[in-house]
Amino acid sequence: MPPLPYWLYKNISNFFGFYLTPSGSITWAALHPYLTGYIRYTIAAGDTVSSLARQYNTTADAIATANPGLITTNLPAGEQIVIPLDFDVVPVNISFTSTLLMLCVEGLRARYPFIGADIIGNSVLGKSIYALAIGNGQNQVMYNAAHHANEWITTPVLMRFIEAYAAIYAGLDLPMLRPVYADMYEKSTLHIVPMVNPDGVDLVTGSHDPSNEVYEDLKAMNYLRLPFPGGWKANARGVDLNLNYPATWELAKEIKFSQGFTKPGPRDYVGAHPLSEPESIAMAEFTKAHDFRLTLSYHTQGEVIYWRYRDFLPPQSEEIAKLFTRVSGYPHVQTPYLSDNAGYKDWFIKEYNRPGYTIECGLGVNPLPISQFGRIYRDNIGILTLAAFV
């Protein structure tokens, strides 16, 4: 049995309403169903899908979805099946961490086996960078979130969207919308990278044990004297991942160095060279391995859509930006000159001459409180849906 992560000790009382200590009697095995949203059950003689649905307060359709190929009219005794529990897999009332993301990926894959999941790379500290996929169409699109550590609220936005999409497509929720999502499923394949920067997110949201030497090393990099760890945007080497792509990177370096960001720290250091970091390399290689028609990069601050990179104007990019503005209320604007370099969106547009967008969600001070999740999600559900069609 693996040791319980530090994140669980810190957050479990808020998440479940009871206290957990490392020496407590509650084990990882006992907690696992409540962190992933499913159990594995061995069918007993006389079990029926209806009786199991009643026993676990779920539905026969949810059990059938989680177990494709199962003959539900005659359950085979001794066979192990997945039983979804009666709550959403993706929580939206607690800070996200790489551990929580891993558990959500597991839970979604168990409930909805038609969701694909891969590890496209690893962070500086060896944490997995996940990519999820849903759909069966030739039109490929990609959404990513949390390049910046203290913008982690974008991770549950994308994760909740893929969970909602899967439930509607499977006929388990909002049946009036199923034709829309069934059409999307057949026309497009949606790829989601929900947490590009797991090390940084864990630092900001408290998964790093303050007594750990890594925590102390990062704290020592905070030469800017920003609030720590809440002011941290960079990865575990102090590189701003959204300034590490080969799109006028040299100009980004010149600008940031002139502003005083000349060494690894919590924000705005561009790295030793383009694609110097394992996280940005993973994103670049993942992009090169696919034929993405369009990409969305989710960040926080400003409630705007950045749709251009310098003078590059991919076909339909402005028309699509206008559609996104119409369904979200976010104005589409030109990226400020001093920031229009070396980001993922910039590199994608420059490299492929296809539409790429940075969606800046929410207002306030990063990290935005999870209380803003509802508004952010409502504002962006139209963009997230529409981007797979255009």
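Does Tyr377 count as buried or exposed, and at what relative accessibility? In this predicted model, Tyr377 counts as buried, at 15% relative accessibility.

**Figure 1. An aromatic pair within helix α14 is formed by Phe373 and Tyr377.** The two rings are stacked, with 5.6 Å centre to centre and 15° between the planes. Phe373 and Tyr377 are 4 residues apart in α14, about one turn of the helix. An α-helix has 3.6 residues a turn, so residues three or four places apart point the same way. Phe373 is buried, with a relative accessible area of 6%. Tyr377, at 15%, is also counted as buried, because the cut-off for buried is under 20% relative accessible area.

**Figure 2. Tyr112 and Phe114 form a tilted aromatic pair.** By the rule applied here, the count of aromatic pairs comes to 19. For Tyr112 and Phe114 the ring centres are 5.9 Å apart, and the angle between the planes is 55°. Tyr112 is buried at 5% relative accessibility, whereas Phe114 is partly exposed at 25%.

**Figure 3. Tyr245, Tyr344, Trp347, Phe348 and Tyr352 make up one aromatic cluster.** The view takes in the rings of these five residues: three Tyr, one Trp and one Phe.

**Figure 4. Charged side chains lie over the rings of Tyr169 and Phe257.** Arg178 lies over the face of Tyr169, at 5.2 Å from the ring centre. Over the ring of Phe257 sits the charged end of Lys253, at 5.3 Å from the centre of that ring.

**Figure 5. Helix α7 has buried residues on one face.** The helix spans residues 178-187, and its buried residues are Tyr181, Ala182, Met184 and Tyr185. Seen down the axis of α7, these residues fall within an arc of 160°, so they line one face of the helix. They pack against two strands, β4 (128-135) and β6 (188-193), and against two helices, α6 (154-169) and α14 (373-386).

**Figure 6. The largest nonpolar core has 65 residues.** Tyr143, Leu296 and Tyr357 are the residues with the most contacts inside this core. Helix α6 contributes the largest share, 10 residues. A second core, separate from the largest one, has 19 residues, among them Val193, Val196, Ala247 and Ala282. In soluble globular proteins, nonpolar side chains tend to be buried together.

Methods: Residues are numbered from 1 along each chain as its sequence is written. This is a predicted model: local features need pLDDT of at least 70, side-chain atom pairs count only at pLDDT 80 or more; totals for chains, interfaces and linings use all residues. Side-chain values use heavy atoms; hydrogens and water are left out. Buried means under 20% relative accessible area, exposed over 50%, partly exposed in between (1.4 Å probe, protein chains only). The arc is that of the directions from the helix axis to the C-beta atoms. Contact means heavy atoms within 4.5 Å. Rings of Phe, Tyr and Trp (its six-membered ring) pair if their centres lie within 6.5 Å; planes under 30 degrees apart count as stacked, over 60 as edge-to-face and the rest as tilted. A charge sits over a ring if NZ of Lys or CZ of Arg is within 6 Å of the ring centre and within 35 degrees of the ring normal. A nonpolar core is a set of buried Ala, Val, Leu, Ile, Met, Phe, Trp, Tyr and Cys residues joined through side-chain atoms within 4.5 Å.
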